[in-house]
2 protein chains.
Amino acid sequence: MPVTLKELAARANVHPSTISRVANNDPGLRIATGTRSRIEALLRETGYQPNGIARGLKLRQTNVLAVVIPDVTNPFFAALFRGVEDVAAPRGFNVLLCNTDGLPERQRSHLQSLQARRVDGVIIASSFLKDPSVRDLRGQKRPFVLVNRFSDEGEDPFVGSDDLLGGQLATAHLIDLGHTRIGHLAGKSTVSTGMLRRRGYLAAHTAAGLVADPGLVVEAGYTEESGAAAARHLLSVPDPPTAVFAVTDMVALGTADVARQMGFRIPEDLAIIGYNDIPLASRVSPGITTMHVPIHEFGSVAGRLLLDQIENDEPAQRRVRFTPDLIVRESTVAGLTRSGRIARSNSSAE
Amino acid sequence: MPVTLKELAARANVHPSTISRVANNDPGLRIATGTRSRIEALLRETGYQPNGIARGLKLRQTNVLAVVIPDVTNPFFAALFRGVEDVAAPRGFNVLLCNTDGLPERQRSHLQSLQARRVDGVIIASSFLKDPSVRDLRGQKRPFVLVNRFSDEGEDPFVGSDDLLGGQLATAHLIDLGHTRIGHLAGKSTVSTGMLRRRGYLAAHTAAGLVADPGLVVEAGYTEESGAAAARHLLSVPDPPTAVFAVTDMVALGTADVARQMGFRIPEDLAIIGYNDIPLASRVSPGITTMHVPIHEFGSVAGRLLLDQIENDEPAQRRVRFTPDLIVRESTVAGLTRSGRIARSNSSAE
DNA sequence: TAGGCTAGCGCAATCGTTTGTTCATCGGCA
DNA sequence: TGCCGATGAACAAACGATTGCGCTAGCCTA
């Protein structure tokens with residue numbers, strides 16, 4: 001059992017409060033040098049660590065953050081988490097990781113648990129932003145930041161990419177390559193990323209004077225499996241597309257698998273572009289052309305926003321949006337180097 | 001600000017303790033049905049959630065676990081974490097994730113912080129098991145479980161694979177294929193996985209009546225970069241090996257990259273086998289032959305061991321060791337299917 | 001009608017810190 | 001000698017929940 005203030009007080013023949021002030025380096029503290037050194041020696045000797053629970057109760061601050069994501073096994077979210085922890089740890093915060101598996105009830109129970117635990121702030125990069133549990137969060141004055149996906153309800157702090165532009169750039173790349181029948185494996189239209197990237201897809205068509213065939217847009221979810229299923233469907237139509245824009249790299253990977261199985265050569269028969277530039281995208285063969293976004297920075301910026309909100313006690317209603325960069329690999333252009341080519345780099349904040 | 005017991009007590013005209021007993025469904029509680037229903041209505045209406053901090057202070061239990069790993073961005077550790085969370089969440093525990101980046105000082109500061117926070121248990125899958133911080137953990141009666149790597153100090157609870165056997169099986173596979181000059185990109189000899197897999201490598205040679213060339217064993221660390229560097233070195237010797245056993249899949253991946261750059265065809269000029277069977281190993285081309293270990297189960301079993309230790313308050317000094325399975329892919333045998341072949345499956349516990 | 005039993009709650013200590021306030025002591029100065 | 005201002009440290013009230021114990025009615029029984 002770790003040593004307590006009271007025990008130390010008994011050993012040093014002083015009151016617990018005196019030990020506390022010495023341990024916390026109370027600036028306005030007047031104390032005899034003898035007493036101080038006696039206490040300091042005791043502190044060092046016992047390696048006293050104040051009980052964080054008791055401290056949290058008194059100070060109403062736990063120094064704990066939480067990150068809520070679908071699945072840390074997905075490299076996108078793993079990188080995101082690292083971004084958060086990398087700014088949190090130096091500031092003395094620990095970070096809870098909560099996986100929802102995309103299940104609303106798991107998100108809800110996690111959020112409840114976090115609330116009971118009085119975590120100082122929450123970073124949410126899962127779905128179900130319109131869930132009552134998220135509204136509760138807004139209702140409580142518990143600070144939180146949305147990442148990657150945002151909700152149109154309220155002006156929640158947000159960090160993510162410019163998905164409209166990203167969808168547009170991705171599609172424009174395919175158009176530049178001469179494609180005219182371009183499919184889209186879309187995200188859910190209820191999720192900001194899904195809706196905006198789809199809009200970008202359409203905008204690129206319009207800008208190029210093309211009309212998008214509505215029959216070539218299929219909702220594909222976000223996992224490799226769901227992407228594969230949707231791709232199978234999309235590639236089975238009578239006049240299949242010669243290129244597809246997949247809403248995420250995972251979906252693109254599923255698509256590549258299915259396309260190969262169905263006898264499509266990539267990129268000759270089917271060009272594929274993804275989104276996010278997860279590490280896996282550059283490792284598979286052929287490498288997946290994709291829109292690069294700074295995933296780690298999503299996390300670190302969100303973490304900073306959250307910590308500022310906590311420490312300065314200010315609302316910090318900011319929205320940070322990074323500009324995605326096109327990375328061209330073999331899944332759209334044959335005969336490239338493996339690492340891909342970066343087009344340009346940028347970021348903006350409102 | 002969330003509602004407290006005291007406030008509810010005032011609204012229901014009872015003492016806080018009565019509310020507490022109703023909320024906690026105190027079994028031996030005698031209470032008038034009218035009072036009970038009045039309180040229950042109030043609880044539902046306000047959505048009362050007991051303050052976890054205060055609760056933790058009184059009950060001396062936080063319902064928080066921590067997982068300490070080098071880097072969650074490494075798919076091995078991400079899967080491990082999921083295993084832990086999947087058993088912890090249903091039991092009402094939240095899980096802190098601490099990345100050390102393989103830095104002893106970060107491990108130390110994390111462990112200190114966890115101790116101050118009075119987490120109920122810690123799962124350690126990082127290096128530096130002989131660090132004072134780990135000894136402290138043993139000294140405190142705070143429950144913990146080692147995963148993947150263990151220390152020869154004491155009989156700490158442990159979950160991992162049979163690394164000696166794994167190293168032996170991996171090397172035997174290469175020998176079976178006719179290789180006689182087999183290199184080993186080894187882990188650190190101070191780490192159990194490194195030492196045991198290396199011993200297995202040697203044992204397989206002995207069993208086959210071969211002598212291992214000490215010049216073909218190079219320490220390679222555990223990351224892709226360090227593996228690549230070591231591989232470059234190993235493949236530059238006058239009479240390079242025709243096959244290598246890499247201590248982990250990440251090292252194997254780095255090796256494959258370097259080998260290709262140096263003009264080796266895989267597997268014709270150089271066969272490569274890794275260890276762990278991370279998802280990436282089956283996705284790259286050529287697929288990496290490897291020793292499969294149940295990573296997710298490492299986490300779930302470790303979590304269960306830890307939770308039993310916490311809830312039953314028993315030491316639970318157990319060591320669980322899984323038998324690794326050989327998965328053959330194209331990096332050792334040309335012309336296989338992509339998914340690989342599983343040899344057999346098993347697990348044992350002391 | 002007195003005594004005892006029980007149902008139904010309230011009391012108060014406790015967990016370990018933090019922090020505003022009070023209190024005693026001592027030296028200096030008039 | 002008497003008073004005053006520092007100085008150095010103790011006091012005590014929080015923070016919010018849990019829990020063993022005690023207390024007060026009311027009812028039953030003898």
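**View 1. Helix 4 of chain A gives four residues, the largest share, to the surface near DNA strand C.** Here "near" means that a heavy atom of the residue lies within 4 Å of the strand, and helices (H or I, at least four residues) and strands (E, at least two) are DSSP runs, numbered from the N terminus. This is a predicted model, in which local features need pLDDT of at least 70 and side-chain atom pairs count only at pLDDT 80 or more, while totals for chains, interfaces and linings use all residues. Residues are numbered from 1 along each chain as its sequence is written, chains are lettered from A and ligands numbered from 1 in the order in which they are written, and side-chain values use heavy atoms, leaving out hydrogens and water.

**View 2. Around DNA strand C there are 27 residues.** The closest are L5(A), R21(A), R55(A), T35(B) and R60(B). Of the DNA strand C atoms that come within 4 Å of the protein, 59% belong to sugar and phosphate. The surrounding residues divide into nine nonpolar, ten polar and eight charged; Ala, Val, Leu, Ile, Met, Phe, Trp, Tyr, Cys and Pro count as nonpolar, Asp, Glu, Lys and Arg as charged, and the others, Gly among them, as polar.

**View 3. Look here at individual atom pairs between protein and DNA strand C, with N or O atoms within 3.5 Å taken as polar contacts.** The side chain of T18(B) places an N or O atom 2.8 Å from a phosphate oxygen. R21(B) has a polar side-chain atom 3.1 Å from a base oxygen, and a polar backbone atom of A54(A) is 3.4 Å from a base nitrogen.

**View 4. Now meet the two protein copies, chain A and chain B.** A turn of 180° with a shift of 0.0 Å along the axis lays chain A on chain B with an RMSD of 0.1 Å, superposed by least squares on the C-alpha atoms of residues with pLDDT of at least 70 in both. The copies are thus related as by a two-fold rotation axis. In chain A, L96(A) has the C-alpha nearest that axis, at 2.1 Å.

**View 5. Four strands of chain A form an open sheet in the order 7-6-8-9, with parallel pairing.** Two strands pair if DSSP finds at least two bridges between them. Strand 7 (217-219) and strand 9 (271-273) are the edge strands, each pairing on one side only. Three bridges join strand 6 (residues 182-186) to strand 7, and L185(A) stands opposite V218(A).

Notes. A polar contact is a pair of N or O atoms within 3.5 Å; within protein, one must be able to donate a hydrogen and the other to accept it, and residues adjacent in sequence count only if both atoms are side-chain atoms.
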